[in-house]
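Here is a friendly walk through one protein chain, with an eye for its charged side chains and its nonpolar core. Take a look at the model, and then we can go through it together.

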Amino acid sequence: MIEEMLNDIRMKKIILLILINVSLLSCNRNLVFSEFQSLPMRGWEADSVLVYAPQIVDTTSKYELQIIIRHTDKYPYQNLWLFVDVKKDSTILRRDTIESFLADDRGQWLGYGMRLYELPILYLDKLNLTQGDDYEVVMQHGMREDTLPGIIDVGLQIRKIE
């Protein structure tokens with residue numbers, strides 16, 4: 001009797017895992033690039049430059065670029081300023097200063113998580129990228145502190161728009 005119940009529970013867990021994997025795969029089928037860069041435990045240094053080099057294969061599609069910030073509750077500010085350059089073959093195509101809010105006016109963290117938070121920021125939408133070109137996305141924080149505590153990882157994701 002107990003063995004049958006354990007087998008039933010195991011079977012339900014297996015089915016649940018399969019369903020979760022299928023749903024995750026379907027959500028990410030348009031993901032063409034995803035890279036996260038970890039930062040030192042002491043914080044993100046002002047002179048630390050993060051460089052992402054996506055390879056684009058499909059030139060007929062449009063893309064969206066998302067910056068993903070992972071931070072802890074030790075991050076001392078509501079917002080985060082970023083300096084972002086998009087380069088193609090070493091030429092700057094676009095240079096932006098982005099202000100993103102990691103917390104609302106009451107100090108509640110935005111995004112997902114508990115103790116470790118993840119916030120996706122839509123950076124560019126409906127972007128045309130060409131094959132064979134060497135792209136780079138370069139990021140630096142633009143805060144007034146030399147060492148910015150609480151930022152754990154910074155990621156770049158590129159998705160194909162259907």
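At 19% relative accessibility, does Asp96 count as buried or exposed? Asp96 counts as buried, because its relative accessibility of 19% falls under the 20% that sets the limit for that class. Please keep in mind that this is a predicted model.

**Charged pairs**

The partner of Asp96 is Arg94, and the closest N and O atoms of this salt bridge are 2.7 Å apart. Arg94 counts as partly exposed, with a relative accessibility of 39%. The whole structure holds 6 salt bridges, and the table shows some of them.

| Salt bridge | N to O distance |
|---|---|
| Arg70 and Glu118 | 2.7 Å |
| Asp85 and Arg95 | 2.8 Å |
| Arg94 and Asp96 | 2.7 Å |

Start with the salt bridge between Arg70 and Glu118. Arg70 belongs to strand E4 and Glu118 to strand E8, so this pair ties together parts that lie 48 residues apart in sequence. Arg70 is partly exposed at 22% relative accessible area, and Glu118 is partly exposed at 29%. Arg70 and Glu118 also belong to one network with Asp153, joined by salt bridges that share partners.

Next comes the salt bridge between Asp85 and Arg95. Here Asp85 sits in strand E5 and Arg95 in strand E6 (residues 91-101), so the parts tied together are 10 residues apart in sequence. Asp85 counts as buried at 12% relative accessibility, whereas Arg95 counts as exposed at 58%.

**Two buried charges without a salt bridge**

Which side chain of opposite charge is nearest to Glu64? That is Arg159, 4.9 Å away, and Glu64 is buried yet has no salt bridge. Because a salt bridge requires the nitrogen and oxygen to be within 4 Å, the 4.9 Å between Glu64 and Arg159 does not qualify. Arg159 is likewise buried without a salt bridge, and Glu64 is its nearest side chain of opposite charge.

Glu64 is part of strand E4, and Arg159 is part of strand E11. Leaving aside neighbours within four places in sequence, the contacts of Glu64 include Leu122, Leu124, Gln157 and Ile161, along with Arg159 itself. The side chain of Arg159 also has a polar contact of 3.4 Å with the side chain of Gln66.

**The nonpolar core**

In soluble globular proteins, nonpolar side chains tend to be buried together. In this model, the largest nonpolar core has 31 residues, and those touching the most other members are Ile67, Ile69, Leu80, Met139, Ile151, Val154 and Leu156. Two or more residues come from each of strand E3 (50-52), strand E4 (62-72), strand E5 (79-88), strand E8 (116-128), strand E9 (135-141) and strand E11 (151-161).

What does Ile69 touch, beyond residues up to four places away in sequence? Among its contacts are Leu80, Leu82, Leu102, Leu119, Ile121, Ile151 and Val154, as well as Glu118 and Asp153. Those last two, Glu118 and Asp153, are members of the salt-bridge network that includes Arg70.

**The chain as a whole**

The chain has 1 helix and 11 strands, and along the sequence the helix precedes the strands in the pattern α-β-β-β-β-β-β-β-β-β-β-β. Of its 162 residues, 34% are buried. Among contacts between residues at least 6 apart in sequence, 78% join residues at least 24 apart. The accessible surface comes to about 10500 Å², and 54% of that belongs to carbon and sulfur atoms.

How values were computed
Residues are numbered from 1 along each chain as its sequence is written. This is a predicted model: local features need pLDDT of at least 70, side-chain atom pairs count only at pLDDT 80 or more; totals for chains, interfaces and linings use all residues. Side-chain values use heavy atoms; hydrogens and water are left out. A nonpolar core is a set of buried Ala, Val, Leu, Ile, Met, Phe, Trp, Tyr and Cys residues joined through side-chain atoms within 4.5 Å. Buried means under 20% relative accessible area, exposed over 50%, partly exposed in between (1.4 Å probe, protein chains only). Helices (H or I, at least four residues) and strands (E, at least two) are DSSP runs, numbered from the N terminus. Contact means heavy atoms within 4.5 Å. Accessible areas come from the Shrake-Rupley method with a 1.4 Å probe; for residues, only the protein chains shown count as cover. Lys and Arg count as positive and Asp and Glu as negative; His and the chain ends are not counted. A polar contact is a pair of N or O atoms within 3.5 Å; within protein, one must be able to donate a hydrogen and the other to accept it, and residues adjacent in sequence count only if both atoms are side-chain atoms.
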